Amino acid sequence: MSFMKLFKKAEVAPPISETITKLKETIDLIEKRIDHLNQKIMVEKANTLKIAKTNRRAAIRNIKRYKLYEEQIEKLYGAIMTLDNQLLLIENSGINLEAFKALEGSSRTMAQINKNMTIDTVDDIIDEVQTQYEVAKEIEDALLIPISDQYDEDEIENELEELMNMEKDVLINPLVNLDIDDQN
C-alpha cells in the first residue's frame, strides 16, 4: 500500500437522484444498442437468405455473425438486469435514508420537547391546575350566592297589593288621576 493512498481524500458519492438518472440513461443506451443489434441480425438473416443458394460459405459467415450479435444481446440483457437491480437498490436505499432522517429528526424534536419536562414537573403542573380550578370554582360559587334580602318581605307584599289595587282602579275609572307620590 502506497503512502499516498493513506492520505487520499475520501471520494464524495454523487447525490442519489444523479445516480438514478445516470443508471436510467445507461439502461436506455443499452436498449438502443440492443435495438441496433436486432436490426443488424434482421439484415444478416435477410442477406443469408439471399445468398444461401449461391454462396454457401458467405451464408455460413452471416449466420455466425448474427449468432455473435445474439450473444452480445444476451450479455446486454444481463447488464440491463444488473443495472435494474442496482437502480431498485439505490431507490430503496434513498427511501430508507429519508425514513432514517425523519426518525432522527423526530427523535431530536422529542428530546427537545421533553428536555424541560419530567414526571415531577408534569405532576406539579397538574396539581397547580387542579388547585386553580378549585379556587375558580369557589369564586364562582361565591358569586352565585344571592345577596341577603335588604327589604322586608311584608313590605314588599303590601306594595304589590297596592299596585294591584291601583290597576283595578285605573281599569274601573280611567279618569282618576293617580299620584304615586301621594300614596306613599
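Mentor: Let's start with a cut-off: a residue is called buried when its relative accessible area is under 20%, exposed when over 50%, and partly exposed in between. Keep in mind that we are looking at a predicted model.

Trainee: Thanks! Then why is T48 called buried?

Mentor: T48 has a relative accessible area of 9%. The limit for buried is under 20%, so T48 counts as buried. You will find T48 in helix 2.

Trainee: What does T48 touch, leaving out residues up to four places away in sequence?

Mentor: T48 touches A59, N62, I63 and Y66.

Trainee: And what makes E44 buried?

Mentor: The reasoning runs along similar lines. E44 has 10% relative accessibility, so E44 counts as buried. E44 also lies in helix 2. Setting aside residues up to four places away in sequence, E44 touches N62, R65, Y66 and Y69.

Trainee: Which residues of helix 2 are buried?

Mentor: They are I20, L23, I27, I30, I34, L37, I41, E44 and T48. Helix 3 is included in what covers them.

Trainee: T19 is in helix 2 too. Why is T19 called partly exposed?

Mentor: T19 has a relative accessible area of 21%. Buried needs a value under 20%, and exposed a value over 50%; T19 meets neither condition, so T19 is partly exposed. Not counting residues up to four places away in sequence, T19 touches P14 and I90. T19 and E91 are 72 residues apart in sequence, and their C-alpha atoms are 9.7 Å apart in space.

Trainee: How do you know what to call Y77, at 42% relative accessibility?

Mentor: Y77 falls between the two limits of 20% and 50%, so Y77 counts as partly exposed. Its place is in helix 3. From C-alpha to C-alpha, Y77 is 8.2 Å from I34, although the two are 43 residues apart in sequence.

Trainee: Now the two helices themselves. Why is helix 2 called roughly antiparallel to helix 3?

Mentor: Two packed helices are described by the angle between their axes and the distance between the axes. Helix 2, residues 16–51, packs against helix 3, residues 56–115, at an angle of about 165 degrees, and their axes are 9 Å apart. Angles over 145 degrees count as roughly antiparallel, so that is what helix 2 is to helix 3.

Trainee: In which hand does helix 2 pass helix 3?

Mentor: The crossing is left-handed.

Trainee: How do the residues of that contact divide?

Mentor: There are 23 nonpolar, nine polar and eleven charged residues in the contact of helix 2 with helix 3.

Trainee: How do you know that the span of helix 2 agrees with what is expected?

Mentor: Helix 2 has 36 residues, and at 1.5 Å a residue they should span 52 Å. The rule multiplies 1.5 Å by one less than the number of residues. The end C-alpha atoms of helix 2 are 52 Å apart, so the two values agree.

Trainee: What is the secondary structure of the protein chain as a whole?

Mentor: The chain comes to six helices and zero strands, which run α-α-α-α-α-α from the N terminus on. Buried residues make up 12% of its 184 residues. Among contacts between residues at least 6 apart in sequence, 69% join residues at least 24 apart.

Technical notes
Residues are numbered from 1 along each chain as its sequence is written. This is a predicted model: local features need pLDDT of at least 70, side-chain atom pairs count only at pLDDT 80 or more; totals for chains, interfaces and linings use all residues. Side-chain values use heavy atoms; hydrogens and water are left out. Axes are lines fitted to C-alpha atoms, for helices over the stretch in contact, and angles run from 0 to 180 degrees between N-to-C directions. Helices (H or I, at least four residues) and strands (E, at least two) are DSSP runs, numbered from the N terminus. Angles under 35 degrees count as roughly parallel, over 145 as roughly antiparallel, 65 to 115 as roughly perpendicular and the rest as oblique. A crossing is left-handed if the near helix is turned anticlockwise from the far one by less than a right angle, and right-handed if clockwise. Ala, Val, Leu, Ile, Met, Phe, Trp, Tyr, Cys and Pro count as nonpolar, Asp, Glu, Lys and Arg as charged, and the others, Gly among them, as polar. Buried means under 20% relative accessible area, exposed over 50%, partly exposed in between (1.4 Å probe, protein chains only). Contact means heavy atoms within 4.5 Å.
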